[in-house]
Amino acid sequence: MWYRPAPSCSDREAKSIGAEDTFDEDLAGTDALLPHVHSQALRVGRRLRQAGRKTTVVQLKLKLADFTLLTRQTTLHEPTDDGQAIYRAASALLLAEKLNQKVRLTGVSAQRLLSQGGQLPLFDSDRRTGRLNAALDSIHDKFGSAALTTADLHETPTKKRE
């Protein structure tokens, strides 16, 4: 009798790619949350590019101080692996929420993943974004994630990653 172990997660294709953070102290207001959502969106974009995937759906996850879990998602007009585009979508979702309590966790994820093949970019700005992301990924690989960041993330308070 032969035993065959169940397939590991690495044997299956990912259905989503995400990043989330639980905060050391619950945060109040969108101004305090946006830098964290930005950081998460950039991480998701990088992970998408590493996996050779793009997303058509961005999801925002919020866990409130009373442990209520909120998820909101939006469908993008075009597939993307760009962290800034993911951030714009996730931040719009956050800004649309009426938060009556502090938040203990935020998360951003890419849903409905696509392979990166397909149509070439129509506009030069799409190619520039791709070249910029490739350069940022190269700097990240060589010098680490803290080597280059956006201004709003420079002084983000510490948090515990999940």
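Visitor: Which side chain does Arg-43 meet in a salt bridge?

Guide: This is a predicted model, so take the distances as computed from it. A side-chain nitrogen of Arg counts as bridged when it sits within 4 Å of a carboxyl oxygen of Asp or Glu. For Arg-43 the N to O distance is 3.3 Å, and the partner is Asp-21.

Visitor: How many residues apart in sequence are the parts that this pair ties together?

Guide: Arg-43 belongs to helix α1, while Asp-21 belongs to strand β1. So the bridge links a helix to a strand, and the separation in sequence is 22 residues.

Visitor: Is Asp-21 buried or exposed?

Guide: The cut-off for buried is under 20% relative accessible area. Its partner Arg-43 comes in at 15%, so Arg-43 counts as buried. Asp-21 has a relative accessible area of 0%, so the answer is buried.

Visitor: Which residue forms a salt bridge with Arg-104?

Guide: Look for the closest N and O atoms, which are 3.5 Å apart here. Arg-104 is in strand β4 (residues 103–115) and its partner is in strand β1, so the pair joins parts 78 residues apart in sequence. Both ends are partly exposed, with Arg-104 at 22% and the partner at 26%. That partner is Asp-26.

Visitor: Which strand holds Lys-61, and which holds Glu-20?

Guide: Their side chains meet in a salt bridge, at 2.9 Å from N to O. The two residues are in separate stretches of the chain, so the bridge ties together parts 41 residues apart in sequence. Lys-61 is in strand β2 (residues 53–64), and Glu-20 is in strand β1 (residues 16–27).

Visitor: How many salt bridges does a search of the whole structure find?

Guide: Among them are Lys-61 with Glu-20, Arg-43 with Asp-21 and Arg-104 with Asp-26. The search of the whole structure brings the count to four.

Visitor: How far apart are the end C-alpha atoms of helix α1?

Guide: Helix α1 covers residues 30–51, which is 22 residues. At 1.5 Å a residue it should span 32 Å. The distance in the model agrees with that: 30 Å.

Visitor: Which residue takes a positive phi just after α1?

Guide: Helix α1 runs over residues 30–51, so go just past its end. The phi there is about 70°, and the residue is Gly-52.

Visitor: Is Glu-78 buried or exposed?

Guide: Glu-78 sits in strand β3 (residues 69–80). Its C-alpha atom is 8.4 Å from that of Thr-55, 23 residues away along the chain. The cut-off for exposed is over 50%. Glu-78 has a relative accessible area of 55%, so the answer is exposed.

Visitor: In what order do the elements of the chain run?

Guide: There are four helices and five strands to place. Among contacts between residues at least 6 apart in sequence, 79% join residues at least 24 apart. From the N terminus on, the order is β-α-β-β-α-β-α-α-β.

Visitor: Where in the chain is confidence lowest?

Guide: The mean pLDDT of the chain is 81, with 63% of its residues reaching 70 or more. Confidence is highest in helix α2 (residues 83–96), at 97. Towards the other extreme, residues 156–162 have pLDDT below 50, though this stretch has 19 contacts beyond near neighbours in sequence. The lowest mean, 47, belongs to strand β5 (residues 159–161).

Note on methods:
Residues numbered from 1 in each chain as written. Predicted model: local features only at pLDDT ≥ 70, side-chain atom pairs only at ≥ 80, totals over all residues. Heavy atoms only, no water. Expected span 1.5 Å × (residues − 1). Buried < 20%, exposed > 50% of the residue type's maximum accessible area, 1.4 Å probe, protein only. Contact = heavy atoms within 4.5 Å. pLDDT = per-residue confidence, 0-100.
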